[in-house]
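Trainee: Please take a close look at the internal space in this model. Then work outward through the helix contacts and the open surface.

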Amino acid sequence: MVEVGAYIPLGQRGVWSDVKPIAQDDGPNPIVPIMYSEEYRDAMDYFRAIAASGEKSERALELTETIIRLNPAHYTVWQYRMSTLLELKKDLEEELQLMNEFAVENLKSYQVWHHRLLLLTHISPQDPSSEIDYIHQALLPDPKNYHTWAYLHWLYSHFSTLGRVTDKQWKYEQRWCEEMLRVDGRNNSAWGWRWFLRVARPGAAASQADGVKEELNYTLEAIHLIPHNISAWNYLRGLLKHLKLPLTPLLPAILPYTARPSAQIPEVPSTFEFPLPSDPLPNDTPLPVPLALEYLGDSLIEQNQTIEAGEVFGELSMEYDRMRTGYWEFRRRECVEE
């Protein structure tokens with residue numbers, strides 16, 4: 001009598017009676033053999049057998065699903081499943097629905113997302129909107145999941161190359177990205193996605209004069225909202241470097257965060273057109289902001305004031321960013337030796 005719920009080995013199932021399983025060969029004296037479950041070991045023994053014979057069948061497809069549910073990271077089984085789907089001319093839309101389930105349960109599995117990428121490549125819908133919406137939803141429980149963001153990047157890159165992303169969709173995506181940053185201004189993945197949307201993709205707005213000012217305004221406002229937000233500071237520095245723009249013209253918006261004596265902070269010129277921080281700064285903003293001091297130091301170098309820049313890097317080394325003392329000492333010595 002078979003116990004209810006007990007695992008029945010594949011060899012005891014009629015559908016597999018003609019297959020001789022191939023056991024895993026760990027050598028004669030394995031040092032640390034892996035404690036596989038009975039079900040997983042059995043399934044892999046039969047998978048090796050069908051892979052060796054090159055069998056592409058319904059039972060092979062079912063076996064790959066069994067293994068993937070036990071180990072979603074098994075890339076060899078994923079690859080075999082994809083080739084079997086294509087060989088059998090299966091409905092890939094049905095497979096995509098199954099991946100909806102897998103993605104929710106295994107958001108951090110690269111193999112799940114890569115399989116989905118292959119499916120979308122073969123299905124190649126004329127309008128990728130439904131897939132974009134799915135990915136947006138998938139990011140809600142884990143807004144910083146690298147694999148999901150990478151897939152979203154591929155999705156837009158691939159389908160825009162095919163001419164299937166409209167201007168309306170690009171604008172919608174930017175609004176969606178801005179909402180993600182409104183919810184969490186420190187989401188570095190969302191900042192990276194904004195870079196693609198606004199700077200890196202062909203025809204991006206930041207490549208045009210009015211778009212540059214708009215992007216600088218957006219980034220400065222983000223800094224003013226969260227002054228210690230390294231993601232926004234890196235975005236600002238990256239933007240200026242990418243566009244080959246100097247740091248110094250933006251100093252009026254940066255200097256209040258450096259906690260310099262008021263006598264050292266020049267009056268904001270009437271021609272300055274960028275957002276300024278609140279005056280006074282909020283009481284819950286610890287000063288100085290090390291990222292602002294770094295900006296000031298690099299701006300002083302830009303103005304050939306290397307001695308003053310070295311003093312700023314010395315402050316960072318000795319007082320305000322001692323975790324990176326070695327780096328700031330290196331920067332300070334560079335200034336002294338010039």
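Mentor: A cavity here is a set of grid points where a 1.4 Å probe fits but cannot get out. The model is predicted. It holds 1 cavity of 30 Å³ or more. The volume of the largest cavity is about 30 Å³.

Start with the walls. Gln24, Tyr36, Tyr40, Arg41, Met44, Asp45 and Arg48 line the largest cavity. By class, that lining splits into 3 nonpolar, 1 polar and 3 charged residues. Tyr counts as nonpolar in this split, so Tyr36 and Tyr40 join Met44 in the nonpolar group. The charged group is Arg41, Asp45 and Arg48. Gln24 is the polar residue.

Now look at the helix. H1 covers residues 38-53, and that range takes in Tyr40, Arg41, Met44, Asp45 and Arg48 of the lining. Gln24 and Tyr36 come before that range.

H1 also packs on H3, residues 75-87. Their axes come within 12 Å and cross at roughly 50 degrees. H1 and H3 are therefore oblique to each other. The handedness of their crossing is left. On the H1 side, the contact uses Met44, Phe47, Ile50 and Ala51. On the H3 side, Thr76, Val77 and Tyr80 take part. Those residues divide into 6 nonpolar, 1 polar and no charged. Met44 ties the two sites together: it lines the cavity and touches H3.

Next, H11 and H13. H11 runs over residues 230-242 and H13 over 290-302. The two axes cross at roughly 20 degrees and come within 10 Å. That angle makes H11 roughly parallel to H13. H11 passes H13 in a right-handed crossing. H11 brings Ile230, Trp233, Leu236, Arg237 and Leu240 to the contact. H13 brings Leu291, Ala292, Glu294, Tyr295 and Asp298. The split by class is 7 nonpolar, no polar and 3 charged.

H13 leads on to the open surface. The largest pocket has a volume of about 470 Å³. It is lined by 22 residues, and the closest to its centre are Leu255, Pro256, Gln264, Ile265 and Pro266. H12 (251-254), H13 and H14 (306-320) each supply at least two residues of the lining. H14 gives the largest share, 3 residues. By class, the pocket lining holds 15 nonpolar, 2 polar and 5 charged residues. H13 thus has a part in both places: it meets H11 and helps line the pocket.

One more pair completes the tour. H7 (residues 146-161) packs against H9 (residues 188-200) at an angle of about 15 degrees, with axes 11 Å apart. That makes H7 roughly parallel to H9. The crossing of H7 past H9 is right-handed. Trp149, Leu152, His153, Tyr156 and Ser157 form the H7 side. Ser189, Ala190, Trp193 and Phe196 form the H9 side. The contact has 6 nonpolar, 3 polar and no charged residues. His153, Ser157 and Ser189 are the polar members.

Definitions and conventions:
Residues are numbered from 1 along each chain as its sequence is written. This is a predicted model: local features need pLDDT of at least 70, side-chain atom pairs count only at pLDDT 80 or more; totals for chains, interfaces and linings use all residues. Side-chain values use heavy atoms; hydrogens and water are left out. On a 1 Å grid over the protein atoms alone, a cavity is a set of points where a 1.4 Å probe fits but cannot get out, and a pocket is an open set with protein on both sides within 12 Å along at least five of seven lines; lining residues have an atom within 4 Å of a point. Grid points are joined across faces, edges and corners, and a volume is the space filled by probe spheres set on the points. Axes are lines fitted to C-alpha atoms, for helices over the stretch in contact, and angles run from 0 to 180 degrees between N-to-C directions. Helices (H or I, at least four residues) and strands (E, at least two) are DSSP runs, numbered from the N terminus. Angles under 35 degrees count as roughly parallel, over 145 as roughly antiparallel, 65 to 115 as roughly perpendicular and the rest as oblique. A crossing is left-handed if the near helix is turned anticlockwise from the far one by less than a right angle, and right-handed if clockwise. Contact means heavy atoms within 4.5 Å.
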